[in-house]
Amino acid sequence: MPKVSVLAAIKKLRRPIFTSYEISRYCRCSPSSAVQMLSRLAKDGVVFKIHRGIWGFEFGKEKISPYWVIPFLLPNHRAYLSFVSALHLYGIIEQIPQVITVASTGHTRLIRTHLGVFAVHRVHPLFFKGFDWYRGEGKFLIAEPEKAFVDCLYLSVRKKKQFGYFPELHFPKDFSFKRVRKWIKDIPSGKLREAVLKKANSYLNKN
């Protein structure tokens with residue numbers, strides 16, 4: 001199948017990140033054939049491989065953000081930006097995280113891609129909420145500031161102790177401590193809920 005057919009499929013998707021499965025569907029070919037064609041385009045510098053089955057194509061001069069990869073990382077699970085990465089994006093912490101932290105109902109894992117390293121952390125399915133599309137653009141999901149803060153403490157009392165200690169926090173005026181406590185009440189486990197509340201109070205009482 002000529003390259004133009006693949007490019008037509010990419011342009012039809014109208015987004016800079018796509019999967020080889022999507023290309024195989026649009027081109028009506030097998031997934032392996034789609035990968036071969038995309039690999040040839042990658043050698044020509046037309047597209048680039050982000051991760052297994054995930055590809056990128058730059059429309060115009062807009063640079064692809066690593067955050068845009070999040071919806072494609074876990075095919076069988078939804079995922080949203082949270083923890084320290086979300087807090088940094090909101091300006092609550094200044095330090096840039098070395099990896100991009102993501103919440104999911106899938107297994108905890110580390111995913112290395114061409115655009116960055118993603119640390120996926122599992123949260124209880126009943127606690128998988130409190131997120132929306134970033135700026136309403138529909139490119140990736142992100143926890144609201146209060147939920148991202150609670151997500152950090154939630155992990156810290158389970159096994160990821162580094163998430164419970166922050167170099168410095170800059171809470172904006174519209175940050176709601178009432179919503180923090182509301183999210184803590186939604187933690188399914190009573191034992192975890194008490195531990196998170198205790199840790200949260202050590203921060204909230206300072207503000």
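Leaving aside its neighbours within four places in sequence, with which residues is Glu22 in contact? In this predicted model, the residues that Glu22 touches beyond that local stretch are Leu13, Arg15 and Phe72. The points below begin with Glu22 and the helix that holds it, continue with the sheet on which that helix packs, and then turn to helix 6 and to the pairing of strands 5, 6 and 7.

**Glu22 and its surroundings**
- Glu22 is a residue of helix 2, and because its relative accessibility is 12%, under the 20% cut-off, it counts as buried.
- Pro167 lies 145 residues from Glu22 in sequence, and the C-alpha atoms of the two residues are 42 Å apart in space.

**The sheet of strands 1, 3 and 2**
- Three strands make up an open sheet with antiparallel pairing, and their order across the sheet is 1-3-2.
- Strand 1 (17–19) and strand 2 (48–51) are the edge strands, each of them pairing on one side only, and the twist from one strand to the next averages 40 degrees.
- Between strand 1 and strand 3 (residues 54–56) the antiparallel pairing extends over 3 bridges, with Ile17 standing opposite Gly56 of strand 3.
- Helix 2 (residues 20–27) packs on this sheet, where it touches strand 1 and strand 3, and its direction makes about 70 degrees with that of strand 1.

**Helix 6 and its packing**
- Helix 6 (residues 145–156) has 12 residues, which at 1.5 Å a residue should span 16 Å, and the distance of 17 Å between its end C-alpha atoms agrees with this expectation.
- Because 11 of its 12 residues are buried, helix 6 is largely enclosed by the rest of the structure; among these buried residues are the charged Glu146, Lys147 and Asp151, together with Phe149, Cys152 and Tyr154.
- The partners against which the buried residues of helix 6 pack include strand 4 (79–81), strand 7 (117–122) and strand 9 (141–143), as well as helix 5 (83–89), helix 7 (177–185) and helix 8 (190–204).

**Strand 7 and its pairing partners**
- Strand 5 (residues 100–104) pairs with strand 7 in the parallel sense over 5 bridges, and Ala103 stands opposite His121 of strand 7.
- Strand 6 (residues 109–112) runs antiparallel to strand 7 and is joined to it by 4 bridges, with Arg112 opposite Val117 of strand 7.
- The hairpin of strand 6 and strand 7 has 4 residues between the strands, and within this hairpin Gly116 takes a positive phi near 155 degrees.

Note on methods
Residues numbered from 1 in each chain as written. Predicted model: local features only at pLDDT ≥ 70, side-chain atom pairs only at ≥ 80, totals over all residues. Heavy atoms only, no water. Pairing = 2+ DSSP bridges. Helix = DSSP H or I, 4+ residues; strand = E, 2+ residues; numbered from the N terminus. Axes fitted to C-alpha atoms, helices over the stretch in contact; angles between N-to-C directions. Contact = heavy atoms within 4.5 Å. Expected span 1.5 Å × (residues − 1). Buried < 20%, exposed > 50% of the residue type's maximum accessible area, 1.4 Å probe, protein only.
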